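Dear colleague,

Please find the structure below, handed over for your reading. A summary of what was found in it follows.

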Amino acid sequence: MVFYDNGHGAMVPEDALQSVAKLRNQIDNLNGVGNLAALRASLEQIPSLIEESKPAFEARKAADQAAKAEKRAAALSLKEKIVSEAETLKESTQWKATSERLKELLDQWKKAPRLDKKSDADLWKRFSSARNFFDKKRRQHFSTLTKQQSEVKSIKEKVVLEAESLTNSTDWVNTARKYKTLMDTWKAAGRGKKNDDDKLWLRFKKAQDTFFASKNADLEKRSVSYGENLIKREEIVKEIEALLPINNLDETRRKFR
């Protein structure tokens with residue numbers, strides 16, 4: 001006869017003894033016919049069986065409590081580990097990787113066994129606080145980044161518009177200096193959103209290249225002209241040198257002029 005393992009629907013010894021007492025009272029006060037003495041005798045055998053079952057009950061009870069304690073300790077250790085890792089991640093600036101890891105930790109939390117209400121509530125409060133801290137910091141970062149990128153874009157758009165307005169200038173020296181100043185302004189503005197930076201840079205470079213291509217073409221044309229003039233002047237110098245020594249001043253003056 002089994003009088004233990006309360007968790008599986010059987011009766012513990014104390015409850016069994018109470019049931020025997022109730023049955024004994026019912027038999028004693030039963031108004032009926034039958035072999036009540038035999039029934040009473042059978043009932044009185046039960047307490048001794050209950051006493052015999054107590055050691056097994058206590059052993060099973062102790063084993064159940066140990067298993068329950070071990071299961072709780074494992075669940076507590078798992079959740080504390082989850083919370084501790086979340087708290088170490090809250091200051092991270094690796095936004096994407098940390099967001100993904102915190103999501104994984106949340107999934108682990110949901111799958112973990114439940115603890116008692118207070119322990120679960122305390123650990124969840126720490127875990128939630130760490131996640132909220134990181135999320136707030138991440139949102140602030142991207143809000144600031146978006147604002148900075150907008151400011152950078154505005155500065156570079158102005159740089160590009162001025163660069164494009166100078167493409168047809170023939171004031172080579174001053175315009176070249178302006179392009180250098182515009183380039184310095186571009187660099188000082190910092191990095192913006194990659195897509196915006198790339199598009200604006202292509203426009204800036206195109207304007208700058210157009211101007212310098214015209215400037216180089218003009219210089220090349222001037223170089224040819226300068227070369228021709230140099231040849232002519234060298235020939236004149238030779239003619240002047242040929243006037244020496246001066247023998248006839250009037251004739252030499254005429255040729256020199």
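**Overall architecture**

From the N terminus onward, the elements of the chain run α-α-α-α-α-α-α. That amounts to 7 helices and 0 strands, where helices (H or I, at least four residues) and strands (E, at least two) are DSSP runs numbered from the N terminus. Please note that this is a predicted model, in which local features need pLDDT of at least 70 and side-chain atom pairs count only at pLDDT 80 or more, while totals for chains, interfaces and linings use all residues. Residues are numbered from 1 along each chain as its sequence is written, and side-chain values use heavy atoms, with hydrogens and water left out.

Of the 257 residues in the chain, 25% are buried; buried means under 20% relative accessible area, exposed over 50%, and partly exposed in between (1.4 Å probe, protein chains only). The accessible surface of the chain is about 18,900 Å², and carbon and sulfur atoms hold 53% of that surface. These areas come from the Shrake-Rupley method with a 1.4 Å probe, and for residues only the protein chains shown count as cover. Among contacts (heavy atoms within 4.5 Å) with a separation of 6 or more, 65% join residues 24 or more positions apart.

**Nonpolar cores and a surface patch**

In soluble globular proteins, nonpolar side chains tend to be buried together. A nonpolar core is here a set of buried Ala, Val, Leu, Ile, Met, Phe, Trp, Tyr and Cys residues joined through side-chain atoms within 4.5 Å. The largest such core has 15 residues, of which A86, L102, L105, W109 and F127 touch the most other members. Helices α2 (36–89), α3 (95–111) and α4 (117–165) each contribute at least two residues to this core. Apart from this core lies another, of 14 residues, which includes W172, L182, W186 and L200.

What does F127 contact, leaving aside its neighbours within four places in sequence? The partners of F127 are I82, V83, A86, L102, L105, L106 and W109.

At the surface, I236, I240 and F256 make a nonpolar patch of about 300 Å². Patches consist of residues with over 30% relative accessible area and no salt bridge, with like charges joined within 9 Å and nonpolar side chains (Val, Leu, Ile, Met, Phe, Trp, Tyr) within 5 Å. I240 belongs to helix α6 (residues 194–242) and is partly exposed, at 38% relative accessible area.

**Helix α4 and its surroundings**

The 49 residues of α4 should span 72 Å at 1.5 Å a residue, and its end C-alpha atoms are 71 Å apart, which agrees; the expected span is 1.5 Å times one less than the number of residues. Buried residues of α4 include the nonpolar F127 and V152 as well as D120 and K156.

R126 is also found in α4 and is partly exposed, with a relative accessible area of 35%. R126 touches V83, S84 and E87, not counting residues up to four places away in sequence. R126 and A86 are 40 residues apart in sequence, with their C-alpha atoms 8.7 Å apart in space.

D197, in helix α6, counts as buried at 14% relative accessibility. Beyond its neighbours within four places in sequence, D197 is in contact with V152, K156, W186, R191 and G192.

**Salt bridges**

Side chains of opposite charge can pair when their charged atoms come close. A salt bridge is a side-chain nitrogen of Lys or Arg within 4 Å of a carboxyl oxygen of Asp or Glu, and by this rule the count is 14.

One of them joins E91 and K137 (3.2 Å, N to O). E91 lies in the loop between α2 and α3 and K137 in helix α4, so this pair ties together parts that are 46 residues apart in sequence. Both residues are partly exposed, E91 at 46% and K137 at 23% relative accessible area.

Within α3, K103 and D107 are 4 residues apart, about one turn of the helix, and their side chains meet in a salt bridge (3.8 Å, N to O). K103 is exposed, at 52%, whereas D107 is partly exposed, at 31%.

D198 pairs with K194, the closest N and O atoms being 3.0 Å apart; these two residues lie 4 residues apart in α6, about one helical turn. D198 is partly exposed, at 37%, and K194 is exposed, at 63%. In addition, salt bridges that share partners join E85, R101 and E104 into one network.

With kind regards
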